[in-house]
Amino acid sequence: MKLLKQTQRLILICLSLSLFACNNAAPPSPLLSAEPAVDASLTRAPRTLRLFYSALPDVSQSSLRLVGPNGEDFALRGLHTMAADDLMIEIMDPVLPGTYTVFWSTTVEGDPTHYEGSYQFTYSE
């Protein structure tokens, strides 16, 4: 009988922890796709970054950052939307061969949550 009560307590604790973990999970990312694509291998240097979201991003609460293979920040210009549900920016510095990381942050229409993330792509001549 004592073993049964201990087992029931253990099960209750495990279920409680599982529910707590589910409630504290991060909301799903609104990022749907990107150009250059996530983990893309490019043979032509990109001139812009364009990220597509599940809803219209708020440009005033958004940012994009491009970090090169040596950890250097690339100059970017003109964050804007081109169509519904995207962010686009021009890359000002020459993109040389290597692996690049795009860092993004935004809020999207109808959702007060501030989202952020990153992805990589590789360029080789």
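In the predicted model, F74, Y100 and F121 make up one aromatic cluster. Three aromatic pairs are found when the whole structure is searched. Two of these pairs are described here, beginning with F74 and Y100. Their ring centres are separated by 5.3 Å and their planes meet at 75 degrees, so the arrangement is classed as edge-to-face, the angle being over the 60 degrees required for that class. F74 is placed in the loop between β4 (63-67) and β5 (76-80), whereas Y100 belongs to strand β7 (residues 98-108); the contact therefore ties together parts of the chain 26 residues apart in sequence. Both residues of this pair, F74 and Y100, are buried.

Y100 also pairs with F121, and here the rings are stacked. The centre-to-centre distance is 5.5 Å, with 10 degrees between the planes; stacking is assigned to planes under 30 degrees apart. Because Y100 lies in strand β7 and F121 in strand β8 (residues 111-123), this pair ties together parts that are 21 residues apart in sequence. Y100 thus takes part in an edge-to-face pair with F74 and in a stacked pair with F121.

The relative accessible area of Y100 is 1%, and the residue is buried. For F121 the corresponding value is 0%, and this residue is likewise buried. Both values fall under the 20% limit for burial.

A contact between a charged group and a ring was also identified: R65 lies over the face of F103, at a distance of 5.1 Å from the ring centre.

Technical notes: Residues numbered from 1 in each chain as written. Predicted model: local features only at pLDDT ≥ 70, side-chain atom pairs only at ≥ 80, totals over all residues. Heavy atoms only, no water. Phe/Tyr/Trp six-rings, centres within 6.5 Å; stacked < 30°, edge-to-face > 60°. Helix = DSSP H or I, 4+ residues; strand = E, 2+ residues; numbered from the N terminus. Buried < 20%, exposed > 50% of the residue type's maximum accessible area, 1.4 Å probe, protein only. Lys NZ or Arg CZ within 6 Å of the ring centre and 35° of its normal.
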